[in-house]
Amino acid sequence: MTASPLYSGTQVSRVETPAAQGATELGVDPTEKDARGGRPRLGVFKFASCSGCQGVLLSCEDELLALADALEILYFPEASSHLQEEGPFDLALVEGSISAPEHLEQIQKIRARSKTLVTIGACATSGGIQALRNFGNLDDFVHRVYPRPEFIAALATSTAVAEHVKVDYELRGCPISKRQLLELITAILLGRRPEIRNESLCLGCKRYGYVCVTVAHGLPCLGPVTMNGCGALCPSVGRGCYGCFGPKEGANTEAMAQRMLQLGMSKDDVRNAFRFITGYAQAFREESARHE
Ligand code: SF4
Ligand code: SF4
């Protein structure tokens, strides 16, 4: 499998497909749209997730009417019982990880029906908190949690959507940022690149003038290796970042781990800090494995 990024930010493709090789840009082709005589068609899909990221879209109170005006919403079960699952879709927003046997076929169908597919949230982009099971044994967990384990059908791992189909763009976070979601949808409608920076959380702290919790208070914080996008929410209230936006491209996780050890964290605590909400994202997964 090879990466085929369209942009250097959070654009990804971990699966090589003919579509991935030919794709060059996000956006809705105005010629196609005019020929159809309609608005770009949206589908919002859910796999293993808590629905919090779809909730961010639903909570765009001031922008919802404009979005409903600009997009034809064909499939959005959280918002409507009027569903046209067959599409086709100009834009598919996909929440949740691939976690159950039926997901494997469902995600292929969604990809085949969608021009642009965007994954939203830590579950869809890294496997989510439920990917903690990837570090253990599924049967052990199922037998401990469920009184009737024979009724449980789950894959041994919870994985990111991009492990299974070509993804055009990832929006990170648990949940995603409303600002980034609106910026991405706007960019797709206008056929331009989204202005979403590939930078560490630390730059957010500097931009907003938040005191560094590590330098000032000696608190462990994953900010230096985490993708910015939340507006440095946790440092803004004096606590360290736990990495819910996942690893920044090119993050130096080894140096981060060394600093955490210097701050007095045990090896187990360093492993667990990387192995959390986005712990199955490659850079964090590899760093946590170094502290087994
Ligand atoms: S990323 Fe977080 S908020 Fe979004 S669906 Fe997953 S658990 Fe919920
Ligand atoms: S500071 Fe870190 S953990 Fe907190 S919301 Fe932002 S990315 Fe997530």
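**Figure 1. Residues 16-24 and other low-confidence parts of the predicted model.** Over residues 16-24, pLDDT (the predictor's confidence in each residue, from 0 to 100) stays under 50. For this stretch the model has 13 contacts beyond four places in sequence, a contact being two residues whose C-beta atoms, placed from the backbone, lie within 7 Å. Residues 1-9 also stay under 50, with 25 such contacts. The protein chain averages a pLDDT of 90, and 87% of the residues score at least 70. This is a predicted model in which local features need pLDDT of at least 70 and side-chain atom pairs count only at pLDDT 80 or more, while totals for chains, interfaces and linings use all residues. Residues are numbered from 1 along each chain as its sequence is written; chains are lettered from A and ligands numbered from 1 in the order in which they are written.

**Figure 2. Surroundings of ligand 1.** The shell (C-beta atom, placed from the backbone, within 6 Å of the ligand) comprises S49, C50, G52, C53, E95, G121, A122, C123, G128, C174 and P175. Helices α3 (52-58) and α6 (122-126) each supply at least two of these residues; helices are DSSP runs of H or I, at least four residues. By class, 6 shell residues are nonpolar (Ala, Val, Leu, Ile, Met, Phe, Trp, Tyr, Cys and Pro), 4 are polar and 1 is charged (Asp, Glu, Lys and Arg); the others, Gly among them, count as polar.

**Figure 3. Contacts of L184.** Leaving aside neighbours within four places in sequence, L184 is in contact with V118, Y169, L171, P194 and I196.

Technical notes
Helices (H or I, at least four residues) and strands (E, at least two) are DSSP runs, numbered from the N terminus.
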